[in-house]
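User: Could you take a close look at the salt bridges in this one for me? I'd like to know which residues take part and where they sit in the fold.

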Amino acid sequence: MKHIEAELKRLIIDIFELEGIHPEDIISDAPLFGAGLGLDSIDALELGLALKRKYHIKIDAYSSDLIEHFASVRNLAAFIASQQETQIV
């Protein structure tokens, strides 16, 4: 799952054009929104679309777990890994 975390950090930097930030600067457990990277709800939509395109996963906007999935890079990586396992089975 570490490789997914690394991919996510690079993706976040690229789509939000976070100049001067390197993947190793993003702490996997740090919050993505608010006090963490400072992403907002519009950024969440953009990130969700990027995840769908890159990983071909389904994101249920009405899922009660959605906030938890998007809470950190580590949570997102776990969510993506679980979605990929579901697609393989």
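Analyst: Helices here are DSSP runs of at least four residues and strands are runs of at least two, numbered from the N terminus. Counted that way, the protein has 4 helices and 0 strands. Keep in mind that this is a predicted model. Read from the N terminus, the elements go α-α-α-α. The radius of gyration is 12 Å, close to the 12 Å from the globule rule for 89 residues, so the protein is as compact as a globular protein of that length. Along the principal axes, its C-alpha atoms fill a box of roughly 40 × 25 × 20 Å.

Now to the part you asked about. The count comes to 3 salt bridges, and arginine 74 is a good place to start. Glutamate 5 is one of its partners, with the closest N and O atoms 3.1 Å apart. That pair links distant parts of the chain: arginine 74 belongs to helix H4 (residues 73-88) and glutamate 5 to helix H1 (residues 2-15), 69 residues apart. How buried or exposed are the two ends? Arginine 74 is partly exposed, with a relative accessible area of 27%. Glutamate 5 has a relative accessibility of 4%, and because the cut-off for buried is under 20%, it falls in that class.

Arginine 74 also has a salt bridge to aspartate 29, and here the closest N and O atoms are 2.8 Å apart. Aspartate 29 sits in the loop between H1 and helix H2 (41-55) while arginine 74 lies in helix H4, so this pair ties together parts that are 45 residues apart in sequence. Put the two pairs together and you get a network of salt bridges linking Glu5, Asp29 and Arg74.

Then there's the pair formed by aspartate 14 and arginine 10, whose side chains meet at 3.3 Å, N to O. Both residues lie in helix H1, 4 residues apart, or about one turn of the helix. Aspartate 14 is partly exposed at 44% relative accessibility, and arginine 10 is partly exposed as well, at 37%.

While we're on charges, lysine 54 is worth a glance: its charged end sits over the ring of tyrosine 55, 5.6 Å from the ring centre. As for rings paired with rings, a search of the whole structure turns up 0 aromatic pairs.

The loop that holds aspartate 29 also contains isoleucine 26, found between H1 and H2. Isoleucine 26 is buried, with a relative accessible area of 5%. Setting aside neighbours within four places in sequence, isoleucine 26 contacts Lys9, Ile13, Ile21, Leu37 and Val73. Its C-alpha atom is 12 Å from that of leucine 11, a residue 15 positions away along the chain.

Zooming back out, buried residues make up 36% of the 89 residues. Of the contacts with a separation of 6 or more, 61% are between residues 24 or more positions apart. On the annotation side, an unreviewed UniProt entry gives "domain: Carrier" for residues 2-84. That span is 54% helix and 0% strand, and its end C-alpha atoms lie 15 Å apart.

Note on methods:
Residues are numbered from 1 along each chain as its sequence is written. This is a predicted model: local features need pLDDT of at least 70, side-chain atom pairs count only at pLDDT 80 or more; totals for chains, interfaces and linings use all residues. Side-chain values use heavy atoms; hydrogens and water are left out. A salt bridge is a side-chain nitrogen of Lys or Arg within 4 Å of a carboxyl oxygen of Asp or Glu. Buried means under 20% relative accessible area, exposed over 50%, partly exposed in between (1.4 Å probe, protein chains only). UniProt positions are given in the numbering used here, feature names are shortened, and annotations may be inferred rather than shown by experiment. Rings of Phe, Tyr and Trp (its six-membered ring) pair if their centres lie within 6.5 Å; planes under 30 degrees apart count as stacked, over 60 as edge-to-face and the rest as tilted. A charge sits over a ring if NZ of Lys or CZ of Arg is within 6 Å of the ring centre and within 35 degrees of the ring normal. The radius of gyration is taken over C-alpha atoms; the globule rule is 2.2 Å times the number of residues to the power 0.38. Contact means heavy atoms within 4.5 Å.
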